[in-house]
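Please walk through this protein and its DNA partner. Start at the contacts between the two and then turn to the interior of the protein.

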Amino acid sequence: MKNRELARIFSELADVLEYKGENPFKVGAYRRASRALADLSEDVAVLAREDRLREVPGIGEAIAKKIKEYLETGHMKRYEEALQGTPKGLLEMLAIPGLGPKTVAVINQHLGIETVAELEEAARAGKLEGLPGLGARKVENILHGITLRKQASQRVRLGDAIPAVEAIVAQLRAMGIERVVPAGSLRRMRETVGDLDILAAGEDSVRITKAFTSLPMVAEVLAAGETRASVRTHEGLQVDLRVVPPASFGAACQYFTGSKAHNIRLRDLAKRHNLKVNEYGVFRGEKMIAGADEESVYRALGLPLIPPTLREDRGEIEAALAGQLPRVVELEDIRGDLHVHTDWSDGRDSIEQMAAAAKAIGYQYLAISDHTRALKVFGGLDETGMEKLLRAVREADARVKGIRLLAGVEVDIHADGSLDLPDRILAKLDIVTASVHSAFKQPAEKMTARLLAAIRNPHVDVIGHLTGRLLGEREAYDFDLEAVLQEAARHHTALELNAHPLRLDITDVVCRRARDLGIMVAINTDAHNTEQLQLMRFGVATAQRGWLEAAHVLNTRPFRTLMAWLRGRRCR
DNA sequence: GCCGTTTTCGGCCCGACTGTTTTCAGTCG
């Protein structure tokens, strides 16, 4: 899929045109198109072939033409021309925090600087100071920004960000600041987050920002005003705090949760109603008509409360206006976990311990799904081992009250598409999840054929962590996603949404496509110990971001209808 | 460059902080 590639090109085109002083709204249009492409759940090439590009909001005649040009020729004239006559390190320079297009332009015009290395040298040599708009402090900040960039402060995984923010919130509460909540992309539960945003309400904003900037985990104060402050922690995380009066807390929650694109759309909508929305409230003229809580803000604009996980400007505002907002799946809807490991392979805890922990959560069922022999290093089971495990699960199921245990497996998909256990064994199990754990670098055609073969095996109920990506560590393997999704839809094979914050695989965007194609999704933790059963929240949030409702999620079903679905699909 | 319960032309979100400014531009979110 060229979706991301095209998204990157339009984003870069926007940066370059902004640098060249092009009409800012045109620049904005390219940025919007870039985001629309990145969020697209279908293959852009398919849309182009079927002449449906213009159906995507943000893509009009001109951009559709550019997309087609790129898909057909591998080039985009506008993009390549725009790059002419710009510094070759422009994009890297623009990525330096605090350094924007205007300043880069001034520096380039006066000193002919083209790259970050030249920029750094000139700054150290004192050549920048004295240029228009550049004083000593500004130069100092640029050098600091370059250092920060070098440290390659990557986006943080949601699973790492949430504990960090919860720790800060807890400390602020301990200091007597009661109304303080996480906001930003973290509240929207994006798979990774850049900055961590925290919002507080109180009359004494100076005291609150001071408390924040003096927390022990703060390594550096990046900015501090009366109502907002930014710090960098010792772990290298940037945390932003915003303080608002209590009467504005809801409006501020809304504003500070974003996304930026969602907020822009809301304010646009407000304007049409002769209203103004900002972080302090909704205003008609001077009069504040909403803002104490989030629901009132949306209501004032004629909308129902939109869940934070949907606020990405991916059609949620249109859906809300039409009264067709999805009733997204909630953690409480989940009735069981269909992929967990035990000490029969590489898990830490026993069948009974996992069952007890699942029961304590309130689950109706749990599928024991250990590894197979190909993963010998992880204690993968061969035929004999699996037969024994099957008996052990049946015995435990009879013994343990209050929760049903399913005999499952996470069977390996070999490089040639065959499975790691014979059908004879698979047929005896309640649920079969098939996953790729080897030969990740296969060419796309082989990997596609491999996944298609697994989907076509009538014993395979679910495909585990479909793309194999590990956030920040390993790219998804190369394969024809759309072809695989189509085949899964045809064979009524479910897809796993692996809830582990390192995976979150399938992604929110793929969830949305699965929903459109009528593919059932199983949200599983892949827990290797009892604590990891709690990771379900990350999977559910990702499912929400993919607009999944309870009916789209296999493990929201009560035990009986789950079993009926499993038996039914094998009889087809 | 996109888009339409003001509009096929004329709009396009809104505010805080910083540094360099004698009244504001640049950057960020």
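**From the DNA surface to the cores**

A phosphate oxygen of DNA strand B sits 2.8 Å from a backbone N or O atom of Gly98. The model is predicted, and this distance is computed from it. Ala224 also uses its backbone: one of its polar backbone atoms is 3.1 Å from a phosphate oxygen of DNA strand B. With Tyr30 the side chain is involved, an N or O atom there being 3.1 Å from a phosphate oxygen of the strand.

How many residues surround DNA strand B, and which come nearest? There are 47, and Gly60, Thr103, Gly135, Arg267 and Lys271 come nearest. Of the atoms of DNA strand B that come within 4 Å of the protein, 73% belong to sugar and phosphate.

Several elements build this surface. Helices H2 (24-39), H4 (61-73), H7 (101-111), H9 (136-150) and H14 (260-272), together with strands S5 (218-224) and S8 (276-278), each supply at least two residues. H14 gives the largest share, five residues. By class, the surface near DNA strand B has 19 nonpolar, twelve polar and 16 charged residues.

Now turn to the interior. In soluble globular proteins, nonpolar side chains tend to be buried together. The largest nonpolar core here has 64 residues, of which Leu366, Leu451, Ile463, Leu466 and Ile523 touch the most other members. Helix H18 (residues 383-399) gives the most to this core, six residues. Leaving aside residues up to four places away in sequence, Leu366 touches ten residues that include Val340, Met354, Ile403, Leu406 and Leu533, as well as Asp337 and Arg404. A second, separate core has 48 residues, among them Tyr19, Val44, Leu99 and Ala123.

Terms used
Residues are numbered from 1 along each chain as its sequence is written. Chains are lettered from A and ligands numbered from 1 in the order in which they are written. This is a predicted model: local features need pLDDT of at least 70, side-chain atom pairs count only at pLDDT 80 or more; totals for chains, interfaces and linings use all residues. Side-chain values use heavy atoms; hydrogens and water are left out. A nonpolar core is a set of buried Ala, Val, Leu, Ile, Met, Phe, Trp, Tyr and Cys residues joined through side-chain atoms within 4.5 Å. Buried means under 20% relative accessible area, exposed over 50%, partly exposed in between (1.4 Å probe, protein chains only). Helices (H or I, at least four residues) and strands (E, at least two) are DSSP runs, numbered from the N terminus. Contact means heavy atoms within 4.5 Å. A residue is near a molecule or strand if one of its heavy atoms lies within 4 Å of it. A polar contact is a pair of N or O atoms within 3.5 Å; within protein, one must be able to donate a hydrogen and the other to accept it, and residues adjacent in sequence count only if both atoms are side-chain atoms. Ala, Val, Leu, Ile, Met, Phe, Trp, Tyr, Cys and Pro count as nonpolar, Asp, Glu, Lys and Arg as charged, and the others, Gly among them, as polar.
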